[in-house]
Amino acid sequence: MNYINNQYQLIKKLSAGSYGVVYEGENIQNKSFVAIKIEKKDKPLTLEREVQALSRLQKITGIPQIYWNGTHNGQNILVMQLLSKDLGYYLKEYRKFSLKTVLMIADQLLLTLKNIHSKSILHRDLKPENLMYHQRQVYIVDFGISKMYRDSNQKHIPFRDGRPFVGTTRYAPIAAHKGHELSRKDDLETLIYILVLFLKGVLPWQNQILQNNKEKQKLIGEKKIKLSSTEICQDLPIEFQKALEQIKCVYLSHIKSLGFSVEPDYDYLINLFRKLGQRHGFEYDNLFDWCKEEEIIAQAKMTQQSEKIQQFSLKWQIQQIRCISQSLQIPSTMECLEKKVSSISNIIQNPMQISQSAVIVEINSEGTLSDDSTNYLYNNYQQLENFSNLYKNHLQIMKEK
Ligand SMILES: Nc1ncnc2c1ncn2[C@@H]1O[C@H](COP(=O)(O)OP(=O)(O)O)[C@@H](O)[C@H]1O
Ligand SMILES: [Mg+2]
C-alpha cells in the first residue's frame with residue numbers, strides 16, 4: 001500500500017475547492033483521523049503559501065493544526081486536523097441562521113481574525129465554505145491566497161492600485177473590486193457581508209444573471225458601492241449597520257490615502273455585537289443552530305454501537321445457553337452436574353452478562369430443563385444468573401435427597 005509519508009492513508013473525498021481536493025484520511029500509526037489536502041496540478045504554489053501561513057498561525061484558536069506537509073507522487077500535500085463541516089453546508093441545510101448563532105460566530109471569528117492579523121497575515125478569501133465548524137468552534141481554513149501585509153520589521157505594505165481581483169466576487173470587499181491592494185479592514189468588511197448573509201439567507205447583489213466573471217465582478221462591485229450600509233443591513237439589528245459603517249469609515253479615510261494601513265478596532269466590533277447579544281439575553285454557549293442535530297446524530301451512532309455490542313453479547317449468551325441446555329438434556333451423574341454448575345458460574349462471572357430480571361425456570365427431576373424453560377431462555381437470553389442459582393439450589397436438594 002502506497003501510504004503518504006508511510007503514515008497516512010486516504011479514506012474518502014470530502015470536498016474539492018478551487019485549489020485543492022480534500023480527503024478524510026487515517027494516520028495508520030495511531031489510528032487517528034486526519035484531513036489531507038492535495039494541491040490541484042494546475043494550481044501550483046497555493047499549498048506552499050497556505051502551509052507558510054498556517055505554520056505562522058499554529059496554536060491560534062480556530063486555526064487547524066498541521067500534522068505533516070510535503071510531496072507524494074509529485075503532488076504537494078498538507079495533512080491537518082480533521083474538522084466537521086463548512087458553514088456553506090449548514091447554510092444550505094438551514095437557509096439562514098438564528099441571531100444567537102450569528103452573534104456567536106461573529107464573536108469567535110472577530111477574535112480569530114484579530115489574532116491572524118496580529119501575525120501579519122491577511123486571509124483575503126473569507127466565505128462560508130472556508131469557515132468550518134468543529135466541536136463548538138468555528139475555524140478559518142484555506143489560506144491559499146493569503147498574504148503577509150507586514151514584513152519582519154512590522155512595516156506595512158504600501159498602498160497600490162491596478163491590482164488583479166482577489167477573492168470571491170460575492171464576498172469580496174469594495175477594495176478588491178476597485179483593484180486596490182487589500183488590508184486588514186477588507187477581511188472585516190467581508191466578514192460583515194458573511195454575517196448579513198447568515199442572517200438574511202441572501203445578499204442584495206446575489207442572483208444576478210450575468211455573462212462572465214469580469215462583468216459579474218464589475219456589476220457586483222458597483223452595487224456594493226452604491227448601496228448604503230442601511231440598505232445592505234435592512235431589517236437587521238442596528239449593530240450590523242454600525243459595524244459596516246465603522247469599517248467603511250476606515251475605507252473612506254483610505255480614499256484620502258489614510259486608512260489603508262490603519263489597524264481596525266476589533267474590540268469595538270466585538271463589544272458592539274456582545275451588547276446586542278446581552279440585550280437579547282443570549283448565553284454564549286457555542287451551541288449553534290446545527291449542534292442539536294449533530295448531537296442527535298452522534299447519540300444515534302452511540303446507540304447503534306451499543307446495540308451492536310448488546311447484539312454481540314446476546315449472541316454470545318444464546319450460544320452459551322444452547323451449549324448448556326443441550327448438554328443438560330443428557331441424563332447426568334452428580335459429578336457431571338457439578339462440572340456444569342461450575343461452567344455456568346464461570347459464564348455468569350463474565351462481565352458481558354447482563355442477566356438481571358427474574359424468571360421461573362423449571363428443572364425436572366433428572367436435572368434437565370423443561371422445553372418451555374429452554375425456549376424461554378432461547379428467546380430472552382437474559383436469565384443465566386437466575387438459572388444458575390436455581391440450578392445450584394436444585395443440586396443441593398438432590399444431594400440432600
Ligand atoms: N481540515 C479540514 N477538515 C475537513 N474538511 C476540510 C478541511 N479543510 C477543508 N475542508 C473542506 O474542503 C473544502 C475545500 O478546502 P479548501 O481548503 O477551502 O480548498 P480550496 O483552496 O480548494 O478552496 C472546504 O470548503 C471544506 O469543506
Ligand atoms: Mg476554499
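**Exercise 1.** Find which residue follows helix α1 and state the sign of its phi.

*Solution.* The residue after α1 is K59, and its phi is positive, near 85°. Helices here are DSSP runs of H or I with at least four residues, strands are runs of E with at least two, and both are numbered from the N terminus. The model is a predicted one, in which local features need pLDDT of at least 70, side-chain atom pairs count only at pLDDT 80 or more, and totals for chains, interfaces and linings use all residues. Residues are numbered from 1 along each chain as its sequence is written, while chains are lettered from A and ligands numbered from 1 in the order in which they are written.

**Exercise 2.** Compare the span of α1 with its expected value, then determine how its buried residues are arranged around the axis.

*Solution.* Begin with the length: α1 covers residues 46-57, twelve residues, and from first C-alpha to last it reaches 17 Å, close to the expected 16 Å, the expectation being 1.5 Å times one less than the number of residues. Next, list the buried residues (20 or more other C-beta atoms within 10 Å of the residue's own, with C-beta atoms placed from the backbone): they are T46, L47, E50, A53, L54 and L57. Viewed down the axis of α1, these buried residues fall within an arc of 125°, taken over the directions from the helix axis to the C-beta atoms, so they line one face of the helix. Finally, the elements covering them include the strands β2 (20-27), β3 (32-39), β4 (66-72) and β5 (75-81), together with α3 (99-118) and β7 (121-122).

**Exercise 3.** Describe the largest nonpolar core and identify the helix that gives it the largest share.

*Solution.* A nonpolar core is a set of buried Ala, Val, Leu, Ile, Met, Phe, Trp, Tyr and Cys residues joined through C-beta atoms within 7 Å. The largest has 53 residues, and those with the most contacts inside it are I192, L195 and V196. Its largest share, ten residues, comes from helix α5 (residues 184-200). Beyond its neighbours within four places in sequence, L195 is in contact (backbone-placed C-beta atoms within 7 Å) with V102, A106 and F240. A second, separate core of 14 residues includes V22, I38, V79 and L82.

**Exercise 4.** Locate a stretch where pLDDT, the predictor's confidence in each residue from 0 to 100, stays under 50.

*Solution.* The chain averages a pLDDT of 84, with 76% of the residues scoring at least 70. Residues 330-334 stay under 50, and the model has three contacts for them beyond four places in sequence. Where pLDDT is low, the predicted coordinates should not be read in detail.

Key. Contact = placed C-beta atoms within 7 Å. Buried ≥ 20, exposed ≤ 12 C-beta atoms within 10 Å, placed from the backbone.
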